[in-house]
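Got the viewer open? Let's take a short walk through this one, a stop at a time.

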Amino acid sequence: MTPPAKRPPQISASILNADFAQLGSEVRRATEGGVDSIHLDVMDGHFVPNISLGPVVVEAVRADSTLPFHSHLMISEPLRYVEAFANAGSDLIVFHIEAHGDPHELVERIHRAGCSAGLALNPETAGETAHPYMDEIDLLLVMTVRPGFGGQEFLVEVLPKLRALRAEAERRNLDLPIGVDGGVKEDTIGAAYGSGGDVMVVGSGLYRGPGDLRPIVDELREAAHSGAGSAIDQAAARS
Ligand code: DX5
Ligand code: ZN
């Protein structure tokens with residue numbers, strides 16, 4: 001069997017670094033800039049030290065884009081909030097394997113709520129922990145920063161895990177998109193894409209200032225193709 005073809009890089013706009021005073025227009029700006037999805041970082045001050053936004057905010061900006069909404073739940077009890085985020089207009093709900101609850105049950109509840117299901121792994125969590133769920137999820141999200149804050153530095157030491165998860169998906173002939181979240185920008189996106197990522201979550205690397213985001217999105221897509229072999233990737237290979 002031939003493995004599934006490599007997807008073109010998808011850019012997912014994390015609004016964490018956008019201007020929260022005008023979130024609706026920031027979502028429109030990313031949409032008009034040509035991103036592929038909107039990534040909404042939900043933090044509860046418990047699973048992660050920071051607090052960000054809840055379902056009312058997702059619902060409030062839903063009308064500002066027709067793109068898929070990915071709600072990334074960095075919360076301790078994701079099961080309690082599945083329906084709320086589904087009803088708010090999420091297309092994909094991502095929960096963390098390190099949070100409370102049975103991942104099989106979470107995936108089932110998310111699917112029953114009419115959404116796609118994503119599973120996220122913190123940088124220090126072994127890739128193998130995702131193996132039992134890879135057949136049922138719709139996205140695997142590999143964190144390349146410790147979750148909680150935007151603008152952190154990309155952790156190159158996560159790249160071998162990303163490669164191993166891509167290899168595992170290929171071994172099983174799964175058409176599973178893998179997301180990379182944290183510190184993805186022009187100088188790291190090549191390594192993330194070249195190591196097997198498909199969905200590039202970009203926050204501070206996208207919302208760098210005012211104005212049209214199209215040139216930045218185009219640059220990011222182009223930089224993704226610089227692929228494995230970039231300086232950062234070579235550093236990770238040595239680590
Ligand atoms: C981290 C979040 C990320 C991140 C993206 O906790 O899940 O989505 O903030 O922002 P940058 O690209 O600035 O790391
Ligand atoms: Zn995120």
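What arrangement do the six donor atoms around the zinc ion (ligand 2) make, and why? Keep in mind that this is a predicted model, then select the zinc ion. The angles subtended by its six donor atoms run from 72 to 173°, so the arrangement is octahedral. Opposite donors have to be over 155 degrees apart and all others between 65 and 115 for six donors to get that label.

Next, bring up the side chains that the protein sends to the metal. You want His39 through NE2, Asp41 through OD, His72 through ND1 and Asp181 through OD, at 2.1 to 2.3 Å from the zinc ion. Along the chain, the donors are spaced as H-x1-D-x30-H-x108-D. Now colour by secondary structure: His39 sits in strand β2 (residues 37-43) and His72 in strand β3 (residues 69-74), so this pair, 33 residues apart, links distant parts of the chain. Switch on a surface and check the two histidines: His39 and His72 are both buried.

On to ligand 1. Select what is around this ligand and you should pick up 21 residues, with Gly148, Gly151, Asp181, Gly203 and Ser204 coming nearest. Asp181 is worth a click here, since you have just met this residue as a zinc donor: a polar atom of its side chain is 2.7 Å from an oxygen of ligand 1. Then try the backbone. Gly148 places a polar backbone atom 2.8 Å from a ligand 1 oxygen, and Gly203 has a polar backbone atom at 2.8 Å from an oxygen of ligand 1. Last stop, the ligand's own surface: on its own ligand 1 has 370 Å² of accessible area, and the protein covers 100% of that.

Technical notes. Residues numbered from 1 in each chain as written. Chains lettered and ligands numbered in written order. Predicted model: local features only at pLDDT ≥ 70, side-chain atom pairs only at ≥ 80, totals over all residues. Heavy atoms only, no water. Donors = N, O, S within 2.8 Å, 3.2 Å for Na, K, Ca; no water. Tetrahedral: all angles 85-135°; square planar, octahedral: opposite > 155°, others 65-115°. Helix = DSSP H or I, 4+ residues; strand = E, 2+ residues; numbered from the N terminus. Buried < 20%, exposed > 50% of the residue type's maximum accessible area, 1.4 Å probe, protein only. Near = heavy atom within 4 Å. Polar contact = N/O pair within 3.5 Å; in protein donor to acceptor, adjacent residues only side chain to side chain. Areas by Shrake-Rupley, 256 points an atom, 1.4 Å probe, with all protein chains shown as cover.
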